[in-house]
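This briefing takes up the enclosed elements of the structure, its nonpolar cores, its strand pairing and the surroundings of its ligand. Please read it alongside the sequence and the coordinates.

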Amino acid sequence: MDAANYANPLTELATILYSGIETLLSEYNHQGVAFPLLSQPFTPSPLDTNSVVNESTCLIIAAAHQIIATVRAPAESIQEHATGAYTATALNLCVDVHVADILQARILRYLSTRHIFQEIEPDVFANNRISSLLIKSRSLNEIEANPDIEFEGATLAGFVGHATDECLKASVSIVPWLKDKSTQFPSPFNMSIGSSISLFEWFVAPENTRRLRRATAAMTGGGERFPATIFTNGFNWKSLKEDAVVVDVGGSVGSVTYTILQQNKHLRYVIQDLESIINKEAKQYWEEKMPQALTDGQVTLQVTNFFESQPVQNAAIYFLRLILHDWPDEKCLTILKILRRAAGPSSKLIVFEQIMAYPCKYSGPFADVSNPIKAPAPLLANLGMGAGGFITMIDMQMLTLFNGKERTVTEFINLGSLTGWELEDVKPGLMNAMVFSAV
Ligand SMILES: C[S@@+](CC[C@H](N)C(=O)[O-])C[C@H]1O[C@@H](n2cnc3c(N)ncnc32)[C@H](O)[C@@H]1O
C-alpha cells in the first residue's frame, strides 16, 4: 500500500508535543509564574502539583521520548540504554564526594551532556535545575563534624546513593538469579550479598548504617514528593470518631502518619516497624517533630513484625504505604491475612501505592484510575516515559532488592480477595489510595 496513505506518526507526535507545550506555557502564563529555566537551580513552585501542568508535562514527555525512539539510530538507543550504569556511577560519585556542593570533577562533562549540571565555559561547571537537587541540606562543614546528618533532608541525594550503590551492585545479579531455577536466594540482592537476610536486616549491620540513613532519607523524602492530599484526601478521616485508632503498618519513621495527623487531631495513631527503625529513627523523628504526641499517647511507636503478628485488634484503619511492592505475592498474602485476622467487621485497610498501568488498552475494573490520563494515538496507553517510566523503574528496583513488584489493579483486587479484603474505592493521583473493606 502507498506509504502516503498512512498518517505519519512523527507528525502526529509533533502535534501532541506542540499542543502540550502550548497548554503548559499558557497555564504558567495564566498563573502569572515564569516557566523555570533548565540553567537555574530548582526552587519549589506552586505549579509543581498543578493538574494542568502535570497532564501536559506527561504528554510532552511521552511524545518527546517516542520521537527520540523513532528518529534515533536504533543501535545508538540500545548503546545508551545498555550503558545506563555510567549515569548511575557518575551520579553516585557526585553524591559521595559532594560534587553538587563543590563542583570539581571532570566526570561532569558526561552528566552535562545529559543535562545534569552544565558546562558554562571549558572546564567550568555549574549546577542547573536538575543537579541542584543533589545539593545536601547541611553544609559540608556540618557534615564533616557530624557524618550522621549527611542525608538529613537530602531526599534525592539519598535516592541516588541507594540506587547507585546497593541497588546497582544487586542489579548485576538479576540475570543469573532469573536463570538459576534452583536458587536458594530470595532476590538478586540476596544473591549479590551471598545471604538470604532481607535488605532491612542487612541495613542493621554497623557497616551499613550510612546506607540505612541514606535509604531512610530517600524513603521519607520520597513520601514528601507525593502531595499531602494523597493521604489526607485518600480517605474521609473526619468520618472516624474521636480516638479511633489508625495503624501505620511498616510505617518507617511515620511520615505519612505525621501528614494525616496534622489535619486529624481527633484520632490516635500507632506506627509499627522493626526494632532498628522504631527505637532509633522513628523515636528521633517524633522527638524532633512533635514530642508531645509521644508523651500524651496520641502516637505510639510499636516494634512489630508484620509477618508474625498484629498487636492492635479491631483498629478503625490499618494502612500500608509502599509495603506490598516490597514483597512477592505469597509474602503479601501473609501480611494481609494477619491484618484481616486482627481486623473487626468495620475495620478498613488502605493501601497507598501506585497502580501499574498497561502500555496497551485496559477496560477492566477501575480502568479510569489505572490510566487516568487519556493517551491520544499513537502514544502508548500508559504514556510511555511520560507516566509509565517511573513505576516501571521502581518495579525493576523491587525485583532486584526483594523479588517484589509494582502491581496492576487486577493484582491488588486478587490479593485482597484471597485474604478477606474487598477493594471498594480507589482514589486517583500520583500515588493511589486503595480502600478495602473486611469481608
Ligand atoms: C519501603 S519502606 C516504607 C515505609 C513507610 N510505609 C513509608 O511509606 O514511608 C518499608 C518499611 O517496611 C519495614 N519492614 C520491613 N520488614 C518488616 C517487617 N517484617 N515487619 C515490619 N516492618 C517491616 C521497613 O523497615 C521499612 O520501614
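In helix 8, the buried residues are Leu 156, Ala 157, Gly 158, Phe 159, Val 160, Gly 161, His 162, Ala 163 and Thr 164; a residue is buried if 20 or more other C-beta atoms lie within 10 Å of its own, exposed if 12 or fewer, and partly exposed in between, with C-beta atoms placed from the backbone. The model is a predicted one, in which local features need pLDDT of at least 70 and side-chain atom pairs count only at pLDDT 80 or more, while totals for chains, interfaces and linings use all residues. Residues are numbered from 1 along each chain as its sequence is written.

**Enclosed elements**
- Helix 8 (residues 155-164) has nine of its 10 residues buried, so it is largely enclosed by the rest of the structure; helices (H or I, at least four residues) and strands (E, at least two) are DSSP runs, numbered from the N terminus.
- Strand 9 (residues 432-438) is likewise largely enclosed by the rest of the structure, because five of its seven residues are buried.

**Strand pairing**
- Strand 9 pairs with strand 7 (residues 348-353) in the antiparallel sense over six bridges, where pairing requires that DSSP finds at least two bridges between two strands, and Glu 353 stands opposite Asn 432 of strand 9.
- Strand 9 also runs antiparallel to strand 8 (residues 421-427), to which six bridges join it, and Ser 437 in strand 9 is the bridge partner of Glu 422.
- The hairpin of strand 8 and strand 9 has four residues between the strands, and Gly 429 takes a positive phi near 150° in it.

**Nonpolar cores**
- The largest nonpolar core, a set of buried Ala, Val, Leu, Ile, Met, Phe, Trp, Tyr and Cys residues joined through C-beta atoms within 7 Å, has 91 residues, and those with the most contacts inside it are Tyr 318 and Phe 352.
- Leaving aside neighbours within four places in sequence, Phe 352 is in contact (C-beta atoms, placed from the backbone, within 7 Å) with residues including Ile 230, Val 256, Arg 321 and Met 431.
- A second, separate core of 12 residues includes Leu 13, Ile 16, Leu 379 and Leu 383.

**Ligand surroundings**
- The ligand is surrounded by 19 residues, with C-beta atoms, placed from the backbone, within 6 Å of it, and the closest are Gly 250, Ser 252, Phe 306, Arg 321 and Leu 322.
- Helix 13 (209-224) and helix 15 (255-263) are the elements that give two or more residues to this shell.

Notes:
Contact = placed C-beta atoms within 7 Å.
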